[in-house]
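Here are some notes to read alongside the model. Keep the picture open and look for each part as it comes up.

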There are 2 protein chains.
Amino acid sequence: MNIGEVADRSGIPPKTIRYYEDIGLIRPQRSDNGYRAFRETDLHKLAFLDRARALGFSIEDCRVLLSLYEDETRESAQVKAIAEEHLSAIDDKIAQLREMRETLSHLVDACHGDHRPDCPILGELAGATE
Amino acid sequence: MNIGEVADRSGIPPKTIRYYEDIGLIRPQRSDNGYRAFRETDLHKLAFLDRARALGFSIEDCRVLLSLYEDETRESAQVKAIAEEHLSAIDDKIAQLREMRETLSHLVDACHGDHRPDCPILGELAGATE
DNA sequence: ATAGGGCTTCCAGTCACTGGAAGCTCAAGG
DNA sequence: CCTTGAGCTTCCAGTGACTGGAAGCCCTAT
């Protein structure tokens with residue numbers, strides 16, 4: 001299977017697939033002409049990576065998750081630990097974004113948004129509340 | 001005022017302040033010895049930038065916001081438009097993170113997290129639901 | 001005179017790709 | 001057999017917003 005077909009079937013761009021090989025996440029074989037020759041197992045791995053990335057795991061997390069997936073002697077606690085840490089990072093990000101959202105939405109509501117120059121958003125950024 | 005004092009007073013690292021000058025957000029004068037010579041207005045601008053960045057505005061947004069701040073003929077509608085667009089980007093990010101969080105927290109709950117290899121998290125990543 | 005800390009510039013690295021250039025390979029049409 | 005065009009290859013550079021580090025100048029205190 002050439003990279004184009006893999007890209008179509010996995011939904012991952014060829015560039016990204018090559019990048020994943022570059023950093024050692026997958027190791028497709030090579031045909032005599034130098035083309036990458038993917039097998040079904042490569043496709044499975046790519047699907048795994050795609051789902052892990054969609055859940056927001058970093059590439060390094062993905063690397064570890066993939067190796068745990070292939071390690072039959074793994075302990076589920078190892079996987080859970082990675083997932084829990086990531087979950088808490090997501091929670092932190094959500095909290096931070098919510099705080100931004102809160103402040104910003106108040107400011108937007110307070111701004112007339114007309115042709116006049118007065119603007120509470122700029123006022124806040126300039127340090128009005130100090 | 002040298003960069004060290006500015007960094008202390010603004011809470012922005014010297015590296016970042018130099019970077020902001022590099023990309024043209026601030027234009028501090030220079031002393032005879034080549035050191036950057038900051039005035040109060042530079043400090044104000046840096047504080048403005050710091051608050052805008054804390055609200056998640058991109059550097060390019062900050063550049064525009066700063067120029068609007070200094071333009072007395074601005075219309076608040078211009079500012080509001082930028083803020084609203086950013087607000088909606090924040091909402092998108094929150095929604096995306098919440099979806100990740102939702103899926104991931106279910107998986108984490110379903111995982112025993114013990115010494116056994118069975119793991120619904122890996123199962124999901126491997127495509128169990130297909 | 002020297003030691004230290006602060007300042008300067010420039011280069012490289014981060015993260016996870018993405019775009020583009022130059023060039024090889026392959027299948028189909030004339 | 002030749003050309004055309006699509007698909008594949010590698011390599012280099014850019015993204016955003018810094019951050020780390022090296023090499024070297026400047027200033028103050030001892």
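1. Start at DNA strand C: α2(A) supplies the largest share of the surface near this strand, three residues. Here a residue is near a strand if its C-beta atom, placed from the backbone, lies within 6 Å of it. Helices (H or I, at least four residues) and strands (E, at least two) are DSSP runs, numbered from the N terminus.

2. A word on the source: this is a predicted model, in which local features need pLDDT of at least 70 and side-chain atom pairs count only at pLDDT 80 or more, while totals for chains, interfaces and linings use all residues. Residues are numbered from 1 along each chain as its sequence is written, and chains are lettered from A and ligands numbered from 1 in the order in which they are written.

3. Both chains take part around strand C. At least two residues each come from α2 (14-22) and α4 (59-70) of chain A, and from α1 (3-10) and α2 (14-22) of chain B. Of the 18 residues around this strand, the nearest are A:Asn33, A:Ser58, A:Ile59, B:Gly4 and B:Arg36.

4. What classes of residue form the surface near DNA strand C? There are six nonpolar, seven polar and five charged residues. Ala, Val, Leu, Ile, Met, Phe, Trp, Tyr, Cys and Pro count as nonpolar, Asp, Glu, Lys and Arg as charged, and the others, Gly among them, as polar.

5. Now turn to DNA strand D. Of the 18 residues around it, A:Gly4, A:Arg36, B:Asn33, B:Ser58 and B:Ile59 come nearest. The largest share of this surface, three residues, is from α2(B). Six nonpolar, seven polar and five charged residues make up the surface near strand D.

6. How many residues does each chain bring to the contact between A and B? Chain A gives 48 residues and chain B gives 48 residues, where contact means C-beta atoms, placed from the backbone, within 7 Å. On the chain A side, α5(A) gives the most, with 21 residues. That side has 25 nonpolar, ten polar and 13 charged residues.

7. Finally, find A:Phe38 in the loop between β2 (36-37) and α3 of chain A. Is A:Phe38 buried or exposed? A:Phe38 is buried because 23 other C-beta atoms lie within 10 Å; the cut-offs are 20 or more for buried, 12 or fewer for exposed, and partly exposed in between, with C-beta atoms placed from the backbone. Not counting residues up to four places away in sequence, A:Phe38 touches A:Met1, A:Val6, A:Pro28 and A:Leu43.

Terms used
Two residues are in contact if their C-beta atoms, placed from the backbone, lie within 7 Å.
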